[in-house]
Amino acid sequence: MASNQASEQVREAVSTEVEAGLLARCLQGDRQAQQRLYEMTMHLVYRLMVRLVGLQDAADLTQQVYLKLFSKLDQFSGKSRFETWLYRLATNEALQFLRKNKNRKTKTLMGDPVNQDQPESERDEQRELLEVAMERIDPELRSIFMLREVEKKSYREIAEIVGIPEGTVGSRLTRARRELQTHLVELGWEGLQ
Amino acid sequence: MNCSQIQELLSDYYDRELKEDVRQHVEAHLKACDRCAESLAAFESLSLLAGKLSTPSPPAGMWCELEARLQKESQGTGSVVLLEEKSRLPFRWYGRYSRVITAAVLLLAVGIGYLNFTGKEHGAHHHADGVFNQYLTAFEKNPDSAQQILLKHYQYDPVQPQQAARLLGYQPAIAQSVPAGYEVQSSYVMKMPCCTCLQTVCKRKDGSCIVIFEHDDETPEWFEGQPKIKATCNGEKCCLINLDQDIAASWQHGKRHITVIGIRDVNEVNSLVAWSERDSDKS
Ligand SMILES: [Zn+2]
């Protein structure tokens with residue numbers, strides 16, 4: 001998937017600029033530097049948010065992540081990669097939001113007017129089934145699944161982002177995959193074999 | 001290893017996160033056991049499906065809103081409460097209360113970021129009669145009767161936008177194209193105390209309207225005493241003003257300036273700035 005490549009490019013771009021003192025300038029409240037950092041990285045955060053909380057709240061929560069990021073930048077130790085730290089902020093923000101809004105149903109991309117404009121034939125029904133199935137599993141499992149399957153993170157990075165022991169990433173992923181399969185089959189997925 | 005132990009390690013195996021010796025055990029089992037091999041194949045199908053997930057492009061204007069929020073934050077006082085309120089805002093506005101909420105948010109966003117529209121102190125700029133204020137107040141309730149206030153106080157010529165150039169001495173943006181999703185309802189060359197400008201009322205599909213002013217001066221003191229927010233919208237420096245139920249925005253357009261009232265949200269500001277900039281490219 002292209003996302004991995006994009007993420008790789010972001011990683012390189014960010015690390016180059018980090019060396020050039022971009023983070024330090026952001027920390028000083030330099031609005032231009034903040035905008036630069038935001039523009040380099042926001043698509044990663046937005047993509048994660050769309051999957052975790054739904055389209056409806058993705059933009060607002062993405063902004064929330066950057067408000068936190070700019071105010072907490074001094075806490076970034078440089079021990080982990082900046083990108084990992086950013087994913088961590090984003091995942092925390094999403095999970096916190098979902099806990100607060102437990103009764104609220106995540107709105108999938110199916111509700112997106114843009115998608116509805118497309119002719120039925122062009123819409124990928126299979127993909128939509130996965131979107132529905134993802135809504136039905138626990139948000140933390142969903143985030144782990146997303147980080148692995150879409151963001152292509154290693155177990156070590158996932159552990160760091162979600163804040164769980166590295167040894168438990170695999171078993172949680174297995175649970176996420178099983179549960180998704182069960183829901184997909186219920187929804188009429190025929191992709192299994 | 002038995003099947004349930006293998007099943008426990010299946011994700012680690014699939015994602016190539018196992019140590020070599022364990023991996024070999026799992027692999028040997030998978031060759032001999034159809035049930036576990038099937039589970040693994042299901043993981044693969046699921047990955048294929050996940051690879052098809054797509055993400056829509058982020059809505060325009062996110063930085064613009066974020067910048068306003070950052071500006072508000074940097075003022076310090078009460079930021080926690082304000083942030084909380086702001087965080088409840090959906091970015092895309094579908095609800096009918098959205099205009100009221102937008103206005104409230106813009107109001108919250110004000111403080112140190114306060115900008116004066118113009119430092120000029122010419123007598124001519126002062127709308128001592130408060131006509132424009134009356135107009136803005138009336139506009140919130142009824143744009144048609146608000147229009148009558150302007151027409152009553154100022155000299156005007158009703159024009160077709162395409163014919164305004166001979167009165168204005170320049171080709172206004174609206175004559176080059178109408179922003180997408182709007183329809184021109186009326187257009188006037190209006191002689192106001194500050195300057196002569198072109199005022200165009202544009203209707204949305206739902207019948208509500210925005211009013212576009214194109215004027216020479218940096219910005220007339222139309223919004224005197226109202227809090228203003230500096231923001232970058234669609235790459236242009238914009239000044240946003242919180243009105244009662246909607247917002248006004250003003251930005252530079254070539255040698256002139258465009259001010260629009262009746263805007264619902266920052267997204268709409270972005271699309272209007274994009275409209276005016278597209279035209280300036282052409283001319
Ligand atoms: Zn087995």
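## Exercises on salt bridges and the A–B interface

R264(B) and D206(B) form a salt bridge in which the closest N and O atoms are 2.8 Å apart. This is a predicted model, in which local features need pLDDT of at least 70 and side-chain atom pairs count only at pLDDT 80 or more, while totals for chains, interfaces and linings use all residues. Residues are numbered from 1 along each chain as its sequence is written, chains are lettered from A and ligands numbered from 1 in the order in which they are written, and side-chain values use heavy atoms, with hydrogens and water left out.

### Exercise 1: salt bridges within chain B

Task: place the pair R264(B) and D206(B) in the chain, and state whether each residue is buried or exposed or partly exposed.

Solution.

Step 1. The criterion for a salt bridge is a side-chain nitrogen of Lys or Arg within 4 Å of a carboxyl oxygen of Asp or Glu.

Step 2. The pair links distant parts of the chain, 58 residues apart. R264(B) sits in the loop between β8 (256-263) and α11 (266-282), and D206(B) in the loop between β3 (196-204) and β4 (209-215). Helices (H or I, at least four residues) and strands (E, at least two) are DSSP runs, numbered from the N terminus.

Step 3. Buried means under 20% relative accessible area, exposed over 50%, and partly exposed in between (1.4 Å probe, protein chains only). R264(B) counts as partly exposed because its relative accessibility is 22%. D206(B), at 51%, is exposed.

Task: do the same for R256(B) and E214(B).

Solution.

Step 1. The side chains of R256(B) and E214(B) meet in a salt bridge of 2.9 Å, N to O.

Step 2. This pair also links distant parts of the chain: R256(B) is in strand β8 and E214(B) in strand β4, 42 residues apart.

Step 3. R256(B) has 16% relative accessibility and so counts as buried. E214(B) is buried too, at 4%.

Step 4. In chain A, salt bridges that share partners join R81(A), E83(A), K153(A) and E157(A) into one network. Over all chains the count comes to 20 salt bridges.

### Exercise 2: the surroundings of D15(B)

Task: which residues does D15(B) touch, and which salt bridges does D15(B) form?

Solution.

Step 1. D15(B) lies in the loop between α1 and α2 of chain B. With a relative accessible area of 8%, D15(B) is buried.

Step 2. Contact means heavy atoms within 4.5 Å. Not counting residues up to four places away in sequence, D15(B) touches R148(A), Y155(A), L173(A) and R177(A).

Step 3. D15(B) forms a salt bridge with R148(A), the closest N and O atoms being 3.0 Å apart. The side chains of R177(A) and D15(B) meet in a salt bridge, at 3.0 Å from N to O. That pair crosses between chains, with R177(A) in helix α10 (residues 169-186) of chain A. R177(A) counts as buried because its relative accessibility is 0%.

Step 4. A polar contact is a pair of N or O atoms within 3.5 Å; within protein, one must be able to donate a hydrogen and the other to accept it, and residues adjacent in sequence count only if both atoms are side-chain atoms. The side chains of D15(B) and Y155(A) make such a contact at 2.5 Å.

### Exercise 3: the interface as a whole

Task: describe the contact between chain B and chain A by residues, area and polar pairs.

Solution.

Step 1. Chain B gives 43 residues to the contact and chain A gives 50 residues.

Step 2. Buried area is the accessible area (1.4 Å probe) that two parts lose on being put together, summed over both. Between chain B and chain A it is about 4200 Å², and carbon and sulfur atoms give 59% of it. L46(B), L53(B) and W63(B) supply 17% of the area that chain B buries against chain A, more than any other three residues.

Step 3. There are 3 salt bridges between chain B and chain A. Across the interface, 16 residue pairs are in polar contact (both at pLDDT 80 or more).

Step 4. On chain B, α1 (3-14), α3 (34-50), α4 (62-73) and α5 (79-87) each supply at least two residues of the side that touches chain A.

### Exercise 4: helix α4 of chain A

Task: how many residues of α4(A) are buried?

Solution. In α4(A), 14 of its 18 residues are buried, and the helix is mostly covered.
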